[in-house]
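Let's take a walk through this structure together, one step at a time. Have the sequence and the 3D view at hand as you read.

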Amino acid sequence: MTKIAIIVGTTRPGRVGHRVAEWVHGIAGKRPEAEYEIVDLADQGLPLLDEAVPPAAGQYAGDHTKRWADVVRAFDGYVVVTPEYNHGIPAALKNAFDFVHAEWNDKAVGFVGYGAVGAARAVEQLKQVAVELSIAPVSAQVTLLIPGDFPAYPDFAPQEFREAEVERVLDQVEAWSKALATVRS
Ligand SMILES: Cc1cc2nc3c(=O)[nH]c(=O)nc-3n(C[C@H](O)[C@H](O)[C@H](O)COP(=O)(O)O)c2cc1C
């Protein structure tokens, strides 16, 4: 069975990222073609990158790095739930991408963003990062708006059509995750 991680891209106390990820997981859980699991960066215990050797060499020293590599390796694709921080990628999320390398390669990724412009700017940057890690970013994306989908921020009440947008992202991530599994084998 194709396994897809729903990655919570923020770690701060009081974040809304986890609530958005649970909503995505609720939609994804009804789909028969893949298994979805939430991966919360707040649970991973990653410091700022502290590996002496660049991760592309695959010589991981830290136990936290090896644990994170195991998590990333276990999935065929990823759905990243992210806001933008100061028009950019949240530092914890960029750090998590930077920490390991080969475990990301030849997989697919889709994005569910939230913010004043649906995190569109951060997602564009994340797509560049993904390509450098040989992760194929799908074209469909969800751009949840503050306040449109958070009428009384931080309360989250997505507009009805958002569910169909999530399904489109999941359609593409599932299709490319399955296709890229053949590249890895
Ligand atoms: C450090 C920081 C920077 C932010 N910068 C932006 C921004 O550039 N654009 C935006 O739309 N929202 C910005 N926001 C507001 C976030 O969209 C909003 O707080 C969102 O809930 C953050 O995600 P989180 O709750 O999962 O941390 C920022 C929030 C923080 C904490």
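**Around the ligand**

A good place to begin is Ala116, where a backbone N or O atom lies 2.8 Å from an oxygen atom of the ligand. Taken by itself, the ligand exposes 600 Å², and the protein buries 76% of that area. Keep in mind as we go that this is a predicted model.

Ala116 has company in contacting the ligand through its backbone. A polar backbone atom of Val16 is 2.8 Å from an oxygen atom of the ligand, and for His87, too, a polar backbone atom is found 2.8 Å from a ligand oxygen.

Now widen the view to the shell around the ligand. Which of its 15 residues come nearest? They are Thr10, Arg12, Tyr85, Tyr114 and Tyr153. By residue class, the shell divides into 7 nonpolar, 5 polar and 3 charged residues.

Next, set the ligand aside and look at the pockets of the protein. The largest pocket has a volume of about 150 Å³. Its lining is made up of 13 residues, and those nearest the pocket centre are Arg12, Pro83, Tyr85, Tyr114 and Tyr153. Sorted by class, the lining holds 7 nonpolar, 3 polar and 3 charged residues. You will recognise some names here: Arg12, Tyr85, Tyr114 and Tyr153 are among the residues that come nearest the ligand, and they are also among those nearest the centre of the largest pocket.

Two of these tyrosines lead us on to the aromatic rings. Tyr114 and Tyr153 belong to one aromatic cluster together with Trp23, Phe150 and Phe156. Across the whole structure, a search finds 7 aromatic pairs.

One last stop involves a ring and a charge. If you turn to Phe75, you will find the charged end of Lys3 sitting over its ring, 5.1 Å from the ring centre.

Notes: Residues numbered from 1 in each chain as written. Predicted model: local features only at pLDDT ≥ 70, side-chain atom pairs only at ≥ 80, totals over all residues. Heavy atoms only, no water. 1 Å grid on protein atoms, 1.4 Å probe; cavity = no way out; pocket = protein on both sides within 12 Å on 5 of 7 lines; lining within 4 Å. Points joined across faces, edges and corners; volume = space filled by probe spheres on them. Nonpolar A, V, L, I, M, F, W, Y, C, P; charged D, E, K, R; others polar. Phe/Tyr/Trp six-rings, centres within 6.5 Å; stacked < 30°, edge-to-face > 60°. Lys NZ or Arg CZ within 6 Å of the ring centre and 35° of its normal. Near = heavy atom within 4 Å. Polar contact = N/O pair within 3.5 Å; in protein donor to acceptor, adjacent residues only side chain to side chain. Areas by Shrake-Rupley, 256 points an atom, 1.4 Å probe, with all protein chains shown as cover.
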